[in-house]
Amino acid sequence: MMKKPNKENQEKTPIVDPPDPLQELQQVLKTTLDSGRGEAVAKRHERSYRTARQNLDDLCDPGSFLEYGQLAVAAQRQRRSLDDLRRQTPADGILTGLATINSTWFGKSVSETAVIVNDYTVLAGTQGHYHHQKLDRILQLAEKQNLPIVMYTEGGGGRPGDTDVITRIAGLDVPSFALWAGLKGKVPRSAVNNGFCFAGNAALFGCADVRIATRISWIGMAGPAMIEGGGLGSFKPTEIGPAEMQFKIGVVDLLADDEAHATRLARQVLSVFQGAVPDYDHAQQSAILSILPADRRYTYPVRSVIETLADSASWMELGGGFGQSIITGFMRLEGQPVGLIANDCRILGGAIDAQGALAASRFLRLCNRHGIPLVSLCDTPGFMVGPASEEQAAVHHMSDLFVAGAQLDVPLVTIFLRKAYGLGAMAMAGGSFDRPVYAASWPTGEFGAMGLEGAVQLGFRKELEAETDPSRKVALFNSLLATLYEKGKAIEAATHLEIDAVIDPAQTRQTIVRALEKHSKLP
């Protein structure tokens, strides 16, 4: 028989109103925002760094970010309270979502971008269980919707302290790295780093198509703890992979002054893959005539040629610290994005060394994968030769430049500024002078199977050895050199149809634009 409730006890029990769901949500959301994380934000600013959300806001168009997984926390409930996890591990250390970037130029549909920002204020930006789930989710969405990706990679790599994960041993079955790497060639991927980037974070950085780092970055495949644990010595984090070093060896493509600069570069890189812009300006093309010196033996700043040809303020050089004999980068011509490679005659006389070939072949493939037409400015005596060159795997890297050229589907226009000798010149033209959709030379162009001086020494060795008088030998050498130069002049090459045209340097921009218009699939 049921007992009746005691009326006296009922009156003494306080009535507690249920929590307001909306208020509870707002309180929890605040723990994920800078406004609710004063101490973490202050520590970040003490180092003159920005927070993850500050970088996010600066990168994305205002109000366009749609966040995924904002309420995630670290998988550590067995060792920490939920309240503590919400306060200390918001979003599990990674912000992921979709946003528009550069929509004022390209419109909303073209500007949609997947955005990933690792948050170093959360467990040193380490990669935990839910962190990986969020990363995987956004990568899958990017692939499904064919969206470019910008990722900020600062962080310390894998996290060993996620005690809630009890169904894994090593955790090596996470798909994040394969998903990210597998997007190569499918969507453009840019990585941005500031501060420490070690282990798994560095692997993500290194897989990107374009890699941007601030000067206060340290990037390495292992951090101090892993290095010391492997018995390899004790090092400070700032002794591992400094950005300046990584820039010189080709790991970093663009070196930024700070996070604000890096973010501007990320937006600029992304714009290349987003298409044409309607408004542009350019320099007076007559200025190009004064850049080349009258004496063919003197060097000149080829970047001045590039900047004159390009739409104003559109030239962006990639990898300027590595493979310096070949310059690579993006520019615009009449608003259209174009990739460019050029020999720098101030480095090794313009000879293509192994590092230059490696940088160029990587860049050609990047442009080809994403449908960006190419321009080549050739002024090279050929490939760099000698025992020291061979020690840099010259045969492999220089041959690969031919492979990259042979696989081009995008149109290539080659302009010969001055020297065009041997295999190196062929490689600058996609592997053969008949590979470009248009191959034209300035009147200063000179062509041959090898450099003129070497050709004289090799081809006329007996005649030179037979002349014993030193002054006559010099005169003979110069005479033979002049003869070969006349035979290899641009007008002669065009007469024999080895190139398509000889043009006024001031008409170079117009010539490239016309050639690309007639051969490009771009509208």
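User: Glad to look at this one with you! What percentage of the 523 residues in the protein is buried?

Analyst: Happy to start there, keeping in mind that this is a predicted model. A residue is called buried when its relative accessible area is under 20%. Across the 523 residues of the protein, the buried share is 51%.

User: How many helices and strands does the protein have, and what does the C-alpha trace span along its principal axes?

Analyst: The fold mixes both kinds of element, with 23 helices and 15 strands. Along the principal axes, the C-alpha trace of the protein spans about 130 × 55 × 40 Å.

User: Among contacts between residues at least 6 apart in sequence, what percentage joins residues at least 24 apart?

Analyst: Contact here means heavy atoms within 4.5 Å. Taking contacts in the protein between residues at least 6 apart in sequence, the part that joins residues at least 24 apart is 73%.

User: And the surface: what percentage of the accessible surface belongs to carbon and sulfur atoms?

Analyst: The protein has an accessible surface of about 25,400 Å². The share of that surface belonging to carbon and sulfur atoms is 55%.

User: Let's turn to charges. Which residue forms a salt bridge with Arg-369, and is that partner buried or exposed?

Analyst: The closest N and O atoms of this salt bridge, between Arg-369 and Asp-209, are 3.7 Å apart. The pair links distant parts of the chain, 160 residues apart: Arg-369 sits in helix α15, and its partner in the loop between α10 and β6. Arg-369 is partly exposed at 30% relative accessibility. The partner has a relative accessible area of 6%, so it counts as buried; the residue is Asp-209.

User: Which residue in helix α12 is linked to Arg-215 of strand β6?

Analyst: The two elements are joined by a salt bridge of 2.8 Å, N to O, between the side chains of Arg-215 and Glu-244. These partners are 29 residues apart. Arg-215 is partly exposed at 40% relative accessibility, and its partner is partly exposed at 37%. The residue in helix α12 is Glu-244.

User: Which residues are joined into one network by salt bridges that share partners, and how many salt bridges are there by this rule?

Analyst: The network takes in Arg-80, Asp-83, Asp-84 and Arg-87, joined by salt bridges that share partners. Elsewhere, Arg-50 forms a salt bridge with Asp-58, with the closest N and O atoms 2.8 Å apart. The count of salt bridges comes to 26.

User: On to the aromatic rings. How many aromatic pairs are there, and what kind of pair do Phe-196 and Trp-218 form?

Analyst: The count is 10 aromatic pairs. Phe-196 and Trp-218 have 5.2 Å centre to centre and 45° between the planes. The pair links strand β5, which holds Phe-196, to strand β6, which holds Trp-218, and both residues are buried. With that angle between the planes, the pair of Phe-196 and Trp-218 is tilted.

User: Why is the pair of Phe-383 and Phe-402 given the geometry it has?

Analyst: The ring centres of Phe-383 and Phe-402 are 6.1 Å apart. Phe-383 lies in the loop between β11 and α16 and Phe-402 in helix α17, so the pair ties together parts 19 residues apart in sequence. Phe-383 is buried at 16% relative accessibility, while Phe-402 is partly exposed with a relative accessible area of 22%. Planes over 60 degrees apart count as edge-to-face, and because the planes of these two rings are at 65°, the pair is edge-to-face.

User: Which residues form one aromatic cluster, and which residue lies over the face of Trp-180?

Analyst: The cluster consists of Tyr-120, Phe-196, Phe-198 and Trp-218. As for Trp-180, a residue lies over its face at 5.0 Å from the ring centre, and that residue is Arg-189.

User: Which residues of α10 are buried, and what covers them?

Analyst: The buried residues of α10 are Gly-200, Asn-201, Ala-202, Leu-204 and Phe-205. Their cover includes β3, α8, β4, α9, β5 and β6.

User: One last stop: which backbone oxygen does the side chain of Thr-113 reach?

Analyst: Thr-113 is found in strand β3 and is buried, with a relative accessible area of 0%. Leaving aside neighbours within four places in sequence, Thr-113 is in contact with residues including Gly-97, Ile-149 and Leu-270. The side chain of Thr-113 reaches, at 2.9 Å, the backbone oxygen of Ser-111.

Terms used
Residues numbered from 1 in each chain as written. Predicted model: local features only at pLDDT ≥ 70, side-chain atom pairs only at ≥ 80, totals over all residues. Heavy atoms only, no water. Salt bridge = Lys/Arg side-chain N within 4 Å of Asp/Glu carboxyl O. Helix = DSSP H or I, 4+ residues; strand = E, 2+ residues; numbered from the N terminus. Buried < 20%, exposed > 50% of the residue type's maximum accessible area, 1.4 Å probe, protein only. Phe/Tyr/Trp six-rings, centres within 6.5 Å; stacked < 30°, edge-to-face > 60°. Lys NZ or Arg CZ within 6 Å of the ring centre and 35° of its normal. Areas by Shrake-Rupley, 256 points an atom, 1.4 Å probe, with all protein chains shown as cover. Polar contact = N/O pair within 3.5 Å; in protein donor to acceptor, adjacent residues only side chain to side chain.
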